[in-house]
Amino acid sequence: AFPEQCATTQNNLGNAYLLAGRFESAVTALEDARYLGDTSARSVLGLALAHVGVGNGASAAVGDEQNC
């Protein structure tokens with residue numbers, strides 16, 4: 001599969017985990033999506049929310065200057 005397809009799949013998986021309340025799994029999947037090149041606002045927001053869900057608000061507050 002192409003990296004962008006893998007990134008989309010990981011983003012979808014991360015958002016599904018987020019909706020299910022599985023925040024640690026969501027962090028992992030959404031970080032994988034970002035690593036694979038997903039820079040969508042939905043992915044960034046989902047990752048921030050997942051970090052807040054696991055109690056890691058500091059990671060959620062850090063900006064990514066490349067995507068500003």
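## Helix H2 and its surroundings in a four-helix chain

In helix H2, the buried residues are Ala26, Val27, Ala29, Leu30 and Ala33. The model is predicted, and H2 is the element where confidence is highest, with a mean pLDDT of 95. H2 covers residues 23-35, and its 13 residues at 1.5 Å each should span 18 Å; the C-alpha atoms at its ends are 18 Å apart, so the two values agree. Just beyond H2, Gly37 adopts a positive phi of about 110°.

**Overall architecture**

The chain contains 4 helices and 0 strands, and its pattern along the sequence reads α-α-α-α. Of its 68 residues, 26% are buried. The exposed surface of the chain comes to about 4,400 Å², and 57% of this is supplied by carbon and sulfur atoms. Among contacts with a separation of 6 or more, 44% are between residues 24 or more positions apart.

**The nonpolar core**

In soluble globular proteins, nonpolar side chains tend to be buried together. Here the largest nonpolar core consists of 6 residues, namely Leu18, Ala26, Val27, Leu30, Leu47 and Ala50. Helix H2 and helix H3 (41-53) each contribute at least two residues to this core. The largest share, 3 residues, is from H2.

Leu30 is one of the core residues. Apart from neighbours within four places in sequence, Leu30 contacts Asn11, Gly14 and Asn15, and also Ser43, Gly46 and Leu47. Leu47 is likewise a member of the core.

**Three residues compared by accessibility**

The table lists one residue from each of H1, H2 and H3.

| Residue | Helix | Relative accessible area | Class |
|---|---|---|---|
| Gln10 | H1 | 18% | buried |
| Ala33 | H2 | 0% | buried |
| Val44 | H3 | 31% | partly exposed |

Ala33 counts as buried because its relative accessibility is 0%. Beyond four places in sequence, Ala33 touches Ala7, Gln10, Asn11, Asp38 and Ser43. The C-alpha atoms of Ala33 and Thr8 are 6.8 Å apart, although 25 residues separate the two along the chain.

Gln10 belongs to helix H1, which runs over residues 3-19. Its relative accessible area of 18% is under the 20% cut-off, so Gln10 is classed as buried. The contacts of Gln10, leaving aside neighbours within four places, are Ala29, Asp32, Ala33 and Leu36. Of these partners, Ala29 and Ala33 are among the buried residues of H2.

Val44, in helix H3, is partly exposed because its relative accessible area is 31%. Not counting residues up to four places away, Val44 touches Arg34 and Thr39. Val44 and Arg34 are 10 residues apart in sequence, with a C-alpha to C-alpha distance of 8.1 Å.

**Confidence**

The mean pLDDT of the chain is 84, and 79% of the residues reach 70 or more. Confidence is lowest in helix H4 (residues 57-61), where the mean is 67. Over residues 64-68 the pLDDT is below 50, and this stretch has 3 contacts in the model beyond near neighbours in sequence.

Technical notes
Residues numbered from 1 in each chain as written. Predicted model: local features only at pLDDT ≥ 70, side-chain atom pairs only at ≥ 80, totals over all residues. Heavy atoms only, no water. Expected span 1.5 Å × (residues − 1). Buried < 20%, exposed > 50% of the residue type's maximum accessible area, 1.4 Å probe, protein only. Contact = heavy atoms within 4.5 Å. Areas by Shrake-Rupley, 256 points an atom, 1.4 Å probe, with all protein chains shown as cover. Core = buried A, V, L, I, M, F, W, Y, C linked by side-chain atoms within 4.5 Å. pLDDT = per-residue confidence, 0-100.
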